Amino acid sequence: MSQDKKPKPPKRPTKSREEEAREVAQEYADQQRQFIEKFRKRQNGRAGEADGASNS
């Protein structure tokens, strides 16, 4: 019966926990950069609104 089994393909080297954590941190940092960039663009478009509203 053991002859019927297919040989297992070689395993890919697994990532270390440190490498995995680095990737997760990098993805998070990338998302935060995108958010900050969008936020700055929105704030730059509203730069004059806050000053005019407080003088009423």
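Helices are taken here as DSSP runs of at least four residues, numbered from the N terminus. In this predicted model, the protein has 2 helices and 0 strands. Helix H1 covers residues 17-45, and Phe-39 is found within it.

A look at the surface makes a good starting point. The accessible surface of the protein comes to about 6,300 Å², and carbon and sulfur atoms account for 51% of that area. Of the 56 residues in the protein, 0% are buried. Phe-39 fits this picture: its relative accessibility is 45%, so it counts as partly exposed. Together with Phe-35 and Ile-36, Phe-39 makes a nonpolar surface patch of about 310 Å².

Charged side chains offer a second view of the model, which holds 4 salt bridges. One of them joins Arg-22 to Glu-18, with the closest N and O atoms 2.7 Å apart. These partners sit 4 residues apart in helix H1, so about one helical turn separates Arg-22 from Glu-18. Arg-22 counts as exposed because its relative accessibility is 53%, above the 50% cut-off for that class.

Further along helix H1, Arg-33 and Asp-30 lie 3 residues apart, again about one turn of the helix. Their salt bridge brings the closest N and O atoms to 2.8 Å. Asp-30 has a relative accessibility of 34% and therefore counts as partly exposed.

Another salt bridge is formed where the side chains of Lys-15 and Glu-23 meet, at 3.0 Å from N to O. Both partners can be placed by their accessibility: Lys-15 is partly exposed at 46%, and Glu-23 is likewise partly exposed, with a relative accessible area of 35%.

Conventions. Residues are numbered from 1 along each chain as its sequence is written. This is a predicted model: local features need pLDDT of at least 70, side-chain atom pairs count only at pLDDT 80 or more; totals for chains, interfaces and linings use all residues. Side-chain values use heavy atoms; hydrogens and water are left out. Patches are made of residues with over 30% relative accessible area and no salt bridge: like charges are joined within 9 Å, nonpolar side chains (Val, Leu, Ile, Met, Phe, Trp, Tyr) within 5 Å. Accessible areas come from the Shrake-Rupley method with a 1.4 Å probe; for residues, only the protein chains shown count as cover. Buried means under 20% relative accessible area, exposed over 50%, partly exposed in between (1.4 Å probe, protein chains only).
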